[in-house]
Every structure is written in C-alpha cells, then in structure tokens.
Amino acid sequence: NSMISQSMAELNMAGAQFQIQIHSNPEQMSPQGLDRIEFLVSANPGQPLQSLAKVASGGELSRISLAIQVIIAQRVTTPTLLFDEVDVGVSGPTASAVGKLMRKLSANTQVICVTHLPQVACYGHQQQFVMKQTQDGQTETQMQCLDNSGRIDELARLLGGDQISQTTKANAQELLS
C-alpha cells in the first residue's frame, strides 16, 4: 500500500493514499472465491479513503493504474508491458512525470506505450508513427520507426498541430534533449 502511494506521489499525486481492503465472508462462497477486494484511495490530502470506483477521475485512474504496474513490475518478471493511452486525462508536468516513470519501468522490462502526448513520447528509447489507411473499404494499420529527425517532426506535430513551425521544432528538440 505505501509503495503504491509513493509511486502515486511520483505521478504528481502528492499526499495521495492507497489502501487495499479484503472483505471475507465464508458464508458467501462462489466460483470467484469468498473474498471481495476493494481498492480505496484518497487522491488529495485531507480527503478520506473512499472506493476507487466512486471517487477517481479518468486521469487519476490512469496514474493509479500506472503506479500499481510500477510496483508489480519490480516483483514479477514480465517481458513486455503495453500501455494504451495510460496518460489519458493528464497534461503538462503530470504528463512528463508519467513519461519519466515509464522510462524507469523500461529498465527492467520492455515497455510499449500508445500516446498522443509529446511529454510522454519524448522519454521513449524509440518512437513509432502509427497510421491507418483505408483502401477498397478495408482499413490497415501501419507503423513506421522514426529516426531522430522523424521524432522531432512528430513531436513538433503533437505540440503544434498539423503546421510544423521552427518554434515547435525547437520545442521538440528541447523535449528530446
């Protein structure tokens, strides 16, 4: 519990608390067992612990999920972790914190992350560009590995939209450094 709370603090949830409660009722045995597990969270200092399902926003759920994955990855050997927009609902400094934590995770396991946030994408060892094309009523997805120049262009596009300017390119280069 405290390790997950500490991991949540690294994701800009300072003072947040996480607790796991196990409710056992031997009289209600079912194929799922006799225990009911509940995750409790206090996302902000001074708030009481409440059911995660009731109080967490989308961004908080994303960060709590990532915090749990970080702890699990330290204990269990998983060859690859795949995160599909784990950074949903976060932005700015929190997105950067998510990127840093994903980079930290990659020290022990392969991490694949789908993101639209340049603050997260810049922490990857490699970056792929994913594109969909529809032809004759069929949609295909293709991926292209980006070199350093391609990464700068893609990060600049994520920063500034379709129009890549010298300013967004400079910002992208700064993110990669």
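User: Why is Asp136 said to count as exposed?

Analyst: In this predicted model, Asp136 has a relative accessibility of 77%. The term exposed requires a value over 50%, so Asp136 counts as exposed.

User: Where is Asp136 found, and what makes its phi notable?

Analyst: Asp136 is found in the loop between β6 and β7. Its phi is near 55°, a positive value in a residue other than glycine. Most residues other than glycine have a negative phi. The hairpin that holds Asp136 has two residues between its strands.

User: How do you know that β6 and β7 are paired strands?

Analyst: Strand β6 covers residues 128-135, strand β7 covers residues 138-145, and eight bridges join them. Pairing requires at least two bridges, so these strands meet the criterion with eight. The two run antiparallel. As one example of the register, Lys132 has Thr141 in β7 as its bridge partner.

User: Which value of phi does Asn12 take, and why is Asn12 called partly exposed?

Analyst: Phi of Asn12 is near 60°, again positive in a residue other than glycine. Asn12 is found in the loop between α1 and β1. Its relative accessible area is 40%. Because buried means under 20% and exposed means over 50%, a value of 40% makes Asn12 partly exposed.

User: What makes the contact of Lys104 with Glu10 a salt bridge?

Analyst: The closest N and O atoms of Lys104 and Glu10 are 3.5 Å apart. A salt bridge requires a side-chain nitrogen of Lys or Arg within 4 Å of a carboxyl oxygen of Asp or Glu, so the pair qualifies at 3.5 Å. Lys104 lies in helix α4 (residues 92-105) and Glu10 in helix α1 (residues 2-10), so the salt bridge ties together parts that are 94 residues apart in sequence. Lys104 is partly exposed at 42% relative accessibility, and Glu10 is partly exposed at 36%.

User: How many salt bridges does the structure hold, and how do you know that Asp153 and Lys169 form one?

Analyst: The structure holds three salt bridges. For Asp153 and Lys169, the N to O distance is 3.3 Å; the limit is 4 Å, so this pair meets the criterion. The pair links distant parts of the chain, with Asp153 in helix α6 (residues 148-160) and Lys169 in helix α7 (residues 166-176), 16 residues apart. Both residues are classed as partly exposed, Asp153 at 28% and Lys169 at 29%.

User: Arg157 forms a salt bridge with Glu154; why is Glu154 called buried?

Analyst: The closest N and O atoms of Arg157 and Glu154 are 2.5 Å apart. The two residues both lie in helix α6, three residues apart, about one turn of the helix. Glu154 has 11% relative accessibility. Buried means under 20%, so Glu154 counts as buried. Arg157, by contrast, is partly exposed at 30%.

User: What makes Ile37 eligible for a nonpolar patch on the surface?

Analyst: Patch members must have over 30% relative accessible area. Ile37, at 49%, counts as partly exposed and so passes that limit. Ile37 has its place in strand β2. Together, Ile20, Ile22, Ile37 and Phe39 form the patch, with about 350 Å² of accessible area. The elements that give two or more residues to this nonpolar patch are β1 (17-24) and β2 (35-42).

User: Which residues touch the most other members of the largest nonpolar core, and what makes a set of residues a core?

Analyst: A core is a set of buried nonpolar residues joined through side-chain atoms within 4.5 Å. The largest has 28 residues, of which Ile4, Met8, Ile64, Leu66, Phe83, Val98 and Leu105 touch the most other members. The elements that give two or more residues to this core are α1, α3 (58-75), β4 (80-84) and α4. Helix α3 gives the most, with seven residues. A second, separate core has six residues, including Ala121, Cys122, Leu155 and Ala172. In soluble globular proteins, nonpolar side chains tend to be buried together.

User: Which residues does Leu105 touch?

Analyst: Not counting residues up to four places away in sequence, Leu105 touches Leu66, Gln69, Val70, Ala73, Leu81, Phe83 and Val111.

User: What share of the residues of the protein count as buried?

Analyst: Of the 177 residues, 33% count as buried. The protein exposes about 11100 Å², and carbon and sulfur atoms supply 48% of this area. The protein has seven helices and seven strands.

Conventions. Residues are numbered from 1 along each chain as its sequence is written. This is a predicted model: local features need pLDDT of at least 70, side-chain atom pairs count only at pLDDT 80 or more; totals for chains, interfaces and linings use all residues. Side-chain values use heavy atoms; hydrogens and water are left out. Helices (H or I, at least four residues) and strands (E, at least two) are DSSP runs, numbered from the N terminus. Patches are made of residues with over 30% relative accessible area and no salt bridge: like charges are joined within 9 Å, nonpolar side chains (Val, Leu, Ile, Met, Phe, Trp, Tyr) within 5 Å. Accessible areas come from the Shrake-Rupley method with a 1.4 Å probe; for residues, only the protein chains shown count as cover. Buried means under 20% relative accessible area, exposed over 50%, partly exposed in between (1.4 Å probe, protein chains only). Contact means heavy atoms within 4.5 Å.
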